[in-house]
Amino acid sequence: MGADGSVVVVGGTRGLGRAVASHFAEAGRSVVITGRDRARAEGAAREIGGVTTGMAFDLRRPREIAGALAPVGPVDHLVIAAMERDQNTVREFDIDGALELVTEKLVGYTEVIHTLLDRLDDDSSIVLFGGMAKERPYVGSTTVSTVNGGIVGLVRTLAIELAPIRVNAIHPGIVPETPYWEGKNLDHVLARTPTGRFVAAADIVDAVRFLLENRGINAVDLRVDGGWIIL
């Protein structure tokens, strides 16, 4: 693995992406984080500390991604953690909202990889964030469940197309300490979780690190949900 390669975390300004970026920064790695807003990304980079750089682009505008990532050098690990959710049903279908989420999660993710491909080497690795809505849909998850299911297919084709670069996905369960879930009553979820506890951000970080660094793991869709899916 290239000694000078960085860890790039797309969606690294908050939530689980930021937790992943902080882990690698604390480990002494050079880290690049991205978000939609430049000031926010640069501010988050300063707060994370170490050798961390903040950049800005919007995954929903994939044609702007290549220019935004032009300053990035060699990449050892790429984590695409940007996650959005919408409330969209077939009966009251919001076409604009669906197009934004599909573009962000599938086209935007793929364009990031396409853009950085010449900066990855044979020992590099990629982790994409999906979500458990792919297996546990709910009313209003029409688009979310679809795009997270798409991540499964994307990982499989990328593992073939980009070989020997390794590509895996993580599908986190509910992490109450993240902004989306913070303050919500989740007792019904806890009651259906065999471990009797929620997944913590540290659990997700450890799983991402494993997927990135274990050279025998490839084309895997890893659920990190405390066994919630089985009940």
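Counting by side-chain nitrogen to carboxyl oxygen, within 4 Å, gives 16 salt bridges in this chain, which is a predicted model.

**Salt bridges**

Let's take three of them. The table lists each pair with its closest N to O distance.

| Basic partner | Acidic partner | N to O distance |
|---|---|---|
| Arginine 29 | Aspartate 76 | 2.7 Å |
| Arginine 36 | Glutamate 84 | 3.4 Å |
| Arginine 38 | Glutamate 42 | 3.9 Å |

Start with the pair in the top row, arginine 29 and aspartate 76, whose side chains meet in a salt bridge. That pair ties together distant parts of the chain, 47 residues apart: arginine 29 sits in the loop between α1 and β2, while aspartate 76 belongs to strand β4, residues 75–80. Is aspartate 76 buried or exposed? Aspartate 76 has a relative accessible area of 2%, so it falls under the 20% limit and counts as buried.

Next come arginine 36 and glutamate 84, also joined by a salt bridge. Here too the link spans distant parts of the chain, 48 residues apart, with arginine 36 in the loop between β2 and α2 (38–48) and glutamate 84 in the loop between β4 and α4. Arginine 36 is partly exposed at 42% relative accessible area, and glutamate 84 is partly exposed as well, at 31%.

Arginine 38 and glutamate 42 are a local affair: both lie in helix α2, 4 residues apart, or about one turn of the helix. Arginine 38 is partly exposed, with a relative accessible area of 48%, and glutamate 42 is partly exposed too, with 33%. Elsewhere, salt bridges with shared partners connect Arg14, Arg36, Asp58, Arg60, Glu84, Glu100 and Glu104 into one network. Arginine 36 and glutamate 84 from the table are therefore among the members of that network.

**Helix packing**

Two packed helices are described by the angle between their axes and the distance between the axes. For α1 (residues 15–26) and α7, the angle is about 65 degrees and the axes are 9 Å apart. The crossing of α1 past α7 is right-handed. Which residues of α1 meet α7? The α1 side brings Leu16, Ala19, Val20, His23 and Phe24. On the α7 side they meet Ala201, Ile204, Val205, Val208, Arg209, Leu212 and Glu213.

**Methionine 83 and threonine 34**

Leu16 turns up again among the contacts of methionine 83, which touches Leu16, Lys105, Phe129 and Gly130 once residues up to four places away in sequence are set aside. Methionine 83 lies in the loop between β4 and α4. Its relative accessible area is 23%, so methionine 83 counts as partly exposed, with the buried class ending at 20%. Measuring across the model, the C-alpha atoms of methionine 83 and threonine 195 are separated by 25 Å, with their positions 112 residues apart along the chain.

Threonine 34, by contrast, is buried, at a relative accessible area of 1%. Threonine 34 is part of strand β2, residues 30–35. What is threonine 34 in contact with, leaving aside its neighbours within four places in sequence? The partners are Val9, Val10, Gly11, Gly12, Thr13, Met55, Phe57 and Leu69.

**Backbone geometry**

Two spots deserve a look at their backbone angles. The peptide bond from alanine 163 to proline 164 is cis, with omega near 10 degrees. Proline 164 is placed in the loop between α5 (142–161) and β6 (166–172).

The other spot is alanine 219, which has a positive phi of about 60 degrees although it is not a glycine. Alanine 219 lies in the loop between α7 (201–213) and β7 (221–224). Alanine 219 is partly exposed, at 34% relative accessible area.

**Surface**

Phe93, Ile95 and Leu99 make up a nonpolar patch on the surface, and together they have about 310 Å² of accessible area. Leucine 99 belongs to helix α4, residues 95–116.

Finally, glutamate 64 is found in the loop between β3 (51–56) and α3 (65–68). Glutamate 64 is partly exposed, with a relative accessible area of 45%. From glutamate 64 to alanine 39 the C-alpha atoms are 18 Å apart in space, and the two are 25 residues apart in sequence.

How values were computed. Residues are numbered from 1 along each chain as its sequence is written. This is a predicted model: local features need pLDDT of at least 70, side-chain atom pairs count only at pLDDT 80 or more; totals for chains, interfaces and linings use all residues. Side-chain values use heavy atoms; hydrogens and water are left out. Patches are made of residues with over 30% relative accessible area and no salt bridge: like charges are joined within 9 Å, nonpolar side chains (Val, Leu, Ile, Met, Phe, Trp, Tyr) within 5 Å. Accessible areas come from the Shrake-Rupley method with a 1.4 Å probe; for residues, only the protein chains shown count as cover. Helices (H or I, at least four residues) and strands (E, at least two) are DSSP runs, numbered from the N terminus. Buried means under 20% relative accessible area, exposed over 50%, partly exposed in between (1.4 Å probe, protein chains only). Axes are lines fitted to C-alpha atoms, for helices over the stretch in contact, and angles run from 0 to 180 degrees between N-to-C directions. A crossing is left-handed if the near helix is turned anticlockwise from the far one by less than a right angle, and right-handed if clockwise. Contact means heavy atoms within 4.5 Å.
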